[in-house]
Amino acid sequence: MRKLLSHARDLHQIGPANNDRLSAVRVALSVAAPSLFLLAIGRPELTLYAVFGGLTAMYGRNESHQLRLKHQLQAAVVLLGGVTVGTLLAVNHIHSWGLVLVEALLAGVGSFYSDRVRLKPNGPFFGILALGACASVPVAVPFGVAVLIAVASASFSLLVGFAGWLRVRAWKSGATRRAPALTPPLRQAAVVHAARYVTAVGVAGSIGVLSGSGYPHWAMAAAAVPLAGADMPSAVHRGIHRIVGTFLGLGVVALVLFPGPLSPVQYFPATTVLVLLVIACQFCTELFMARHYGWAMVFFTPVILLMTELAAHTDPGRLITERAAETLVGALTGIAVVVLIRSRKRRSRKRRPGRPAGASSADLP
């Protein structure tokens with residue numbers, strides 16, 4: 001009982017601040033500049049590609065400038081890969097089962113890669129999300145242009161992340177990010193972790209398709225969330241945070257998109273309001289991402305749905321209802337996979353001396 005109460009307290013406990021405002025400013029600026037440029041030239045529907053490129057700034061938040069640059073370059077591979085594959089699927093009208101197959105397989109590849117280079121935030125979640133989101137909207141420009149927008153946005157975020165070096169001019173020769181070679185035990189853990197991603201994403205996407213949802217990629221993205229937890233309790237906590245945070249965030253989306261006296265789109269140009277809200281919510285997302293995942297999801301949910309609305313107008317009721325349903329299905333699927341698929345090493349032997357409690361393949365050295 002005491003253990004359950006401890007887990008319940010952890011669900012709403014907000015971690016200590018750790019340079020969150022500076023990181024949030026970097027991310028917001030990386031998202032704002034390309035998004036406002038697209039708004040200024042009358043192409044706000046392309047904001048989706050700019051934002052996913054700009055999310056490169058989320059990585060390497062507390063590293064030195066040269067290590068942050070390397071970390072963000074590694075993260076850009078995942079994000080731009082997701083945008084490229086997703087846009088390619090959209091151009092070729094590959095949806096439903098084709099999308100599930102491709103996204104599940106690339107989730108496994110992305111998991112192995114992110115474990116290998118030790119991405120923080122853990123896992124391929126944002127690449128998976130980019131793939132599904134870009135595959136689900138009509139491509140309003142040639143394929144190359146859409147990808148180029150994401151590349152340009154990611155490049156700008158690299159400049160933002162490295163800009164502080166102009167002030168300190170500190171460069172440590174030979175400094176590298178710690179990512180040791182994959183020994184057989186670490187390789188096994190990474191393979192099991194990748195198998196979890198393939199299974200969770202594939203099962204959640206299949207349920208989404210069979211249910212007739214128009215957005216099975218939301219279930220697939222939600223299924224990936226618990227898998228980034230360092231151990232089973234944290235995986236369950238992340239899944240619960242995902243569900244509760246998303247539901248609260250949907251309330252914000254409903255307030256904006258449904259006609260009413262409190263909706264800002266009733267008084268100002270809709271596209272301008274949506275773009276500005278995407279920027280503001282992304283800033284708030286980064287403020288809480290490392291401190292409380294649930295609160296981060298309250299703000300990140302409007303980012304994703306408002307970008308989707310900018311790319312292709314959809315009935316708000318359907319958008320919100322299906323987002324809620326797919327998130328619930330995906331998060332529960334991810335939690336189930338974490339419980340059912342466990343590495344042989346973790347089942348059969350005790351934690352090694354000196355290994356942090358709860359360490360797993362989600363947190364490989």
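# Exercises on salt bridges, buried residues and a long helix

Both Arg-61 and Asp-20 are buried (under 20% relative accessible area, where over 50% is exposed and in between is partly exposed, with a 1.4 Å probe and protein chains only). The model you're looking at is predicted, so local features need pLDDT of at least 70 and side-chain atom pairs count only at pLDDT 80 or more, while totals for chains, interfaces and linings use all residues. Residues are numbered from 1 along each chain as its sequence is written, and side-chain values use heavy atoms, leaving out hydrogens and water.

## Exercise 1: a salt-bridge network

Work out which residues the salt bridges of Arg-61 join into one network.

**Solution.**

Step 1. Start with the general idea: side chains of opposite charge can pair when their charged atoms come close. Here, a salt bridge is a side-chain nitrogen of Lys or Arg within 4 Å of a carboxyl oxygen of Asp or Glu. The structure holds 4 of them.

Step 2. Look at Arg-61 and Asp-20: their side chains meet in a salt bridge, 2.5 Å from N to O. This pair links distant parts of the chain, with Arg-61 in the loop between α3 and α4 and Asp-20 in helix α2 (residues 20-40), 41 residues apart. Helices are DSSP runs (H or I, at least four residues), numbered from the N terminus.

Step 3. Now try Glu-286, which also meets Arg-61 in a salt bridge, at 3.2 Å from N to O. Glu-286 sits in helix α12 (residues 270-289), and this pair is 225 residues apart. Both Arg-61 and Glu-286 are buried.

Step 4. Put it together: salt bridges that share partners join Asp-20, Arg-61 and Glu-286 into one network.

## Exercise 2: another pair

Find the salt-bridge partner of Glu-45.

**Solution.** The partner is Arg-43, and the closest N and O atoms are 2.4 Å apart. Arg-43 has 28% relative accessibility, so Arg-43 counts as partly exposed.

## Exercise 3: two loop residues

Decide whether Leu-55 is buried or exposed, then do the same for Thr-314.

**Solution.**

Step 1. Leu-55 lies in the loop between α3 (47-54) and α4. Leu-55 counts as buried because its relative accessibility is 1%.

Step 2. Check the surroundings of Leu-55. Leaving aside neighbours within four places in sequence, Leu-55 is in contact (heavy atoms within 4.5 Å) with Leu-79, Phe-126 and Gln-282. Its C-alpha atom is 6.7 Å from that of Val-27, 28 residues apart along the chain.

Step 3. Move to Thr-314, in the loop between α13 (293-311) and α14 (316-340). With a relative accessible area of 12%, Thr-314 is buried.

Step 4. A polar atom of the Thr-314 side chain lies 3.1 Å from the backbone oxygen of Ala-312. Beyond neighbours within four places in sequence, Thr-314 is in contact with Tyr-215, Glu-309 and Leu-319.

## Exercise 4: checking a helix

Compare the span of helix α5 with its expected span.

**Solution.**

Step 1. Helix α5 (residues 96-117) has 22 residues. The expected span is 1.5 Å times one less than the number of residues, which gives 32 Å for α5.

Step 2. From its first C-alpha to its last, α5 reaches 31 Å, close to that expected value.

Step 3. See what hides this helix. Its buried residues include Leu-99, Ala-104, Gly-108 and Asp-115, and their cover includes α4 (65-91), α6 (125-135), α9 (184-210) and α10 (216-224).

Step 4. Finish at the end of the helix: α5 is followed by Arg-118, whose phi is positive, near 60°.

Terms used:
Helix = DSSP H or I, 4+ residues; strand = E, 2+ residues; numbered from the N terminus. Polar contact = N/O pair within 3.5 Å; in protein donor to acceptor, adjacent residues only side chain to side chain.
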